[in-house]
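Visitor: I'm new to this structure and would like some help reading it. Where shall we begin?

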Amino acid sequence: MRFNLFIGRYQSPHKGHMHIFDSFLKEEKPVLIAIRDIEPDAANPLTAAEVKTLWEKVYAVNPLVKVIIIPDIASVNYGRGVGYAINEIDVPDTVAAISATEIRRQVIAGELGWKELVDGNIHEMLAN
């Protein structure tokens, strides 16, 4: 099986990410979510293991999704035709406007609007 790779911090997983992943899954294209293993800080409070758990909960019933942790990366590079494509996925403005930074701000502030932007399966985990 050949996977479609997505690399990110995913601080926190939200419906914008899911919109992209789900567009592949609807076509039965496997998705590999690669979480960068960064040192948590104020801007990125979740560990890679916590993010992995969140994504595994969101896609628990989908065998086409695999979630892994990778070392933090500085760049993604290639030198010639390597047998895979590099694509930018065009999304609607409403999806592009979803901000993990804003979600984190709302969670910390005790606001509830963030719940519309995040899969219901992980609300409780993010609220803690």
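Guide: Let's begin with a charged pair, and keep in mind that this is a predicted model. Arg-105 forms a salt bridge with Glu-102, and their closest N and O atoms are 2.7 Å apart.

Visitor: What can side chains of opposite charge do when their charged atoms come close?

Guide: They can pair. Here, Arg-105 and Glu-102 both sit in helix 4, which covers residues 100-109. The two are 3 residues apart, about one turn of the helix.

Visitor: Are Arg-105 and Glu-102 buried or exposed?

Guide: Something in between. Arg-105 is partly exposed, with a relative accessible area of 38%. Glu-102 counts as partly exposed too, at 30%.

Visitor: Which side chain meets Arg-105 in a salt bridge of 3.0 Å, N to O?

Guide: That's Glu-111, which is partly exposed with a relative accessible area of 33%. Put the pieces together and you get a network of salt bridges linking Glu-102, Arg-105 and Glu-111.

Visitor: How many salt bridges does a search of the whole structure find?

Guide: It finds 5. One of them joins the side chains of Glu-56 and Lys-52, at 2.5 Å from N to O. Both residues lie in helix 2, 4 residues apart, and that is about one turn of the helix. Glu-56 is partly exposed at 35% relative accessible area, and Lys-52 is partly exposed at 24%.

Visitor: Which residues of helix 2 are buried, then?

Guide: Helix 2 runs over residues 48-58, and its buried residues are Ala-48, Val-51, Leu-54, Trp-55 and Val-58. Try looking down the helix axis: the buried residues fall within an arc of 120°, so they line one face of the helix.

Visitor: What covers those buried residues of helix 2?

Guide: The cover includes helix 1 (15-25), strand 2, strand 3 and helix 5 (123-127).

Visitor: You mentioned strands. How do I read the sheet?

Guide: Ask about the order and the direction of pairing. Here 3 strands form an open sheet in the order 1-2-3, with parallel pairing. Strand 1 (4-8) and strand 3 (65-71) are the edge strands, each pairing on one side only. From one strand to the next, the twist averages 25°.

Visitor: How many bridges join strand 1 to strand 2?

Guide: There are 5, and strand 2 takes in residues 31-37. For a spot to look at, find Phe-6, which stands opposite Ile-33 in strand 2.

Visitor: Now the rings. How many aromatic pairs does the structure hold?

Guide: It holds 7. To read one, check the distance between ring centres and the angle between planes. For Phe-21 and Trp-55 the centres are 5.3 Å apart and the planes are at 65°, so the pair is edge-to-face. This pair links distant parts of the chain: Phe-21 is in helix 1 and Trp-55 in helix 2, 34 residues apart.

Visitor: Do Trp-55 and Tyr-59 make a stacked or an edge-to-face pair?

Guide: Their ring centres are 5.9 Å apart and their planes at 20°, so this pair is stacked. As for accessibility, Phe-21 is buried at 2%, Trp-55 is buried at 0%, and Tyr-59 is buried at 8%.

Visitor: Which residues form one aromatic cluster?

Guide: Phe-6, Tyr-10, Phe-21, Phe-24, Trp-55 and Tyr-59 do. You've met some of these names already: Phe-6 is the residue opposite Ile-33, and Trp-55 is among the buried residues of helix 2.

Notes. Residues numbered from 1 in each chain as written. Predicted model: local features only at pLDDT ≥ 70, side-chain atom pairs only at ≥ 80, totals over all residues. Heavy atoms only, no water. Pairing = 2+ DSSP bridges. Axes fitted to C-alpha atoms, helices over the stretch in contact; angles between N-to-C directions. Buried < 20%, exposed > 50% of the residue type's maximum accessible area, 1.4 Å probe, protein only. Arc of directions from axis to C-beta. Contact = heavy atoms within 4.5 Å. Salt bridge = Lys/Arg side-chain N within 4 Å of Asp/Glu carboxyl O. Phe/Tyr/Trp six-rings, centres within 6.5 Å; stacked < 30°, edge-to-face > 60°.
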